[in-house]
Amino acid sequence: MKKTSIWRQDAQISNYPRLEGEIEADVVIIGGGITGITTAHLLASGGKRVVVLEALKVAESTTGYSTGNLYAPVGSYLNVLEKKYDQETVRALTASRTAAVDLIERLTQQFNIDCHFKRVPWYLLTENEAENAFIQAETETAQRVGLPAYLDESRTPMPYPVSSAMRLENQAQFNPMAYVKGLAAQIAGPNCQIFENSQVTYVKEGKTHVVHTEQGKVRANRVVHATHTPKGIWFLHTLLGPYREYALAVSLNSAYPEGTFWDYSAMHHHSMRTYVNDQGEPFLLILGEPHKVGHKENNEEAFQKLEQFARERFDVKAVEYRWAAQHYKPADSLPYIGRRDKGSEIYVGTGYEADGLTFGTLAAMIISDLILGRENPYAEMYAPTRHSPKKAAGKFIKENVDVMAQYLKDLPYRSQVEKLADISAGEGKNIEMGGKNYGAYRDEAGKLHVVSAVCTHMACLVHFNQAEKSWDCPCHGSRFDIDGQVLEGPAYLDLSKMQDKPSSYNRFKKLSSAAFFGATALAGFYFYRKALKEKGASKKKSK
């Protein structure tokens, strides 16, 4: 079994240079995933000089760890959103996502990108009769907003009993890593410079923004944060919940189902699809078992439950690949795409939940239109500056109470072992030494990797992820490898080594974090009060 994404086997190897020295551009894009590379293409096509800065390799972070499904519905469900918002909002949501899928298809054809793009039906199904009414409601909402959906449990190509199923025609699948790498190869050039292994360490904002990396800097009038969640400390982070989800690619002894399938129940949600690689070998991909980042003690259990789900429903020959992906849930169920503030030239796309390939492409369409001065019919609906406290207050308070709980739980330094010698091979533990907290991991060869356990974003303590061998922050979702390098999340800086920072550094970070959390509490009170006022005004109006 390979502990990596299945997409890597069919994606070309990229080899872009590291940024060294100082350069200028019209727009600098932080992040080389589907959002960043698509935005770069659209802006360069519009005549802008673009620089893309990728901390690792193009398409090999969040984009390369998805399931490669493209569809108009969303994980928060259309009938639920229709009740929260209205029918026109849901119609705009599905129309905008359909437009994004269509753009991916056009670019695949235009540049002849070999990424296995194809149109397939999408199913929402349930095994439980008690959930039939939900499937019915989702189908009716989909039909009301113009989607080609209908109930069709009789023809569902699943080898296990299905109680009810909605079928939606003309959705799509592809290899996301191959697609983004292929698109990047087509657009890279003098007007669109792409740099890999160029981790952004700081953005100095001003009339001209200066984006710093370890060995260079870029001056630009506009900056796009295409990093799944924005880098640095933003109020927007208080509106996002970071979640980790797990995936398996298995081989079967039986037929493989054609299409994209969501198996729904009140207890779980699993996504499934078939992928046939360049060698003609089929695999069934299964995604599920989400939990908040840094909150699960035994991450291996998630993979075990996913395998159990697969074996109970399919004739599984072997588990061939396994990996995990990250997503961020928005407070009001819609992503945040556009200018950070009104009049700002800092742009962001985040809060995609588990629908990032489609939303990432949509974000590129909206952000590029804003920068190029074009009208976009969806820009206002997704704007980060929108205010909907009535719809966001509950989730806003829940997420930030959890962040504060994690912060306070770890405020007294905790130590899981008394000394480094107590850590076995393959284990990662928090340990207190000299009044400071460290994360120590002993690899299979017996070598120790010791880093500060204080997250460089907001000073929460990171927790060890046993399944993926990483240090994960339970507050805002930053993740670091065993040597402290940033893997993803809002953190700019790597975890420091034991000798890198004086003890006052941790105290300063704790104090600044406390101030931020205090401000968050006040903001939560504002959201709550405003939501109550909106509710009261709504009741008066209805009378």
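These legends describe close-up views of a predicted model.

**View 1. The sheet S18-S19-S20 is open and has three strands.** Its pairing is antiparallel. The edges are strand S18 (428–433) and strand S20 (448–452), each of which pairs on one side only. From one strand to the next, the twist averages 30°.

**View 2. Strands S18 and S19 pair in the antiparallel sense.** Six bridges connect S18 with strand S19 (residues 436–442). Met433 has Lys436 of S19 as its bridge partner. Gly428 has Tyr441 of S19 as its bridge partner. The hairpin of S18 and S19 has two residues between the strands. In this hairpin, Gly434 takes a positive phi near 65°.

**View 3. Strands S19 and S20 run antiparallel and are joined by five bridges.** Ala440 is bridged to Val450 in S20. Five residues lie between the strands in the hairpin of S19 and S20. There, Gly446 adopts a positive phi near 95°.

**View 4. Strand S19 is covered on both faces.** One side carries Lys436, Tyr438, Ala440 and Arg442, all buried. The other side carries Asn437, Gly439 and Tyr441, also buried. Buried here means under 20% relative accessible area. Seven of the seven residues of S19 meet that criterion, so the strand is largely enclosed by the rest of the structure. Two of the buried residues also appear in the pairing views. Tyr441 is the bridge partner of Gly428, and Ala440 is the bridge partner of Val450 in S20.

**View 5. Helix H7 (residues 356–372) is largely enclosed by the rest of the structure.** Of its 17 residues, 15 are buried, so little more needs to be said about its setting than that it is largely enclosed. How far apart are the end C-alpha atoms of H7? They are 23 Å apart. At 1.5 Å a residue, the helix should span 24 Å, so the two values agree. Just after H7, Gly373 has a positive phi of about 75°.

**View 6. Four strands form an open sheet in the order S21-S22-S23-S24.** The pairing is antiparallel. Strand S21 (463–465) and S24 are the edge strands, and each pairs on one side only. Strand S22 (residues 470–472) and strand S23 (residues 479–480) run antiparallel, joined by two bridges. Asp472 stands opposite Arg479 in S23.

**View 7. The second largest pocket holds about 510 Å³ of space.** Its lining consists of 24 residues. Which of them are closest to the pocket centre? They are Tyr65, Arg244, Ala324, Glu468 and Arg479. Arg479 is also the residue opposite Asp472 in the four-strand sheet view.

**View 8. Strands S15 and S24 contribute to the lining of the second largest pocket.** Strand S15 (316–330) and strand S24 (486–488) each supply at least two lining residues. S15 gives the most, with five residues. S24 is also an edge strand of its sheet. By class, the lining has eleven charged, eight nonpolar and five polar residues.

Methods:
Residues are numbered from 1 along each chain as its sequence is written. This is a predicted model: local features need pLDDT of at least 70, side-chain atom pairs count only at pLDDT 80 or more; totals for chains, interfaces and linings use all residues. Side-chain values use heavy atoms; hydrogens and water are left out. On a 1 Å grid over the protein atoms alone, a cavity is a set of points where a 1.4 Å probe fits but cannot get out, and a pocket is an open set with protein on both sides within 12 Å along at least five of seven lines; lining residues have an atom within 4 Å of a point. Grid points are joined across faces, edges and corners, and a volume is the space filled by probe spheres set on the points. Ala, Val, Leu, Ile, Met, Phe, Trp, Tyr, Cys and Pro count as nonpolar, Asp, Glu, Lys and Arg as charged, and the others, Gly among them, as polar. Two strands pair if DSSP finds at least two bridges between them. Axes are lines fitted to C-alpha atoms, for helices over the stretch in contact, and angles run from 0 to 180 degrees between N-to-C directions. The expected span of a helix is 1.5 Å times one less than its number of residues. Buried means under 20% relative accessible area, exposed over 50%, partly exposed in between (1.4 Å probe, protein chains only).
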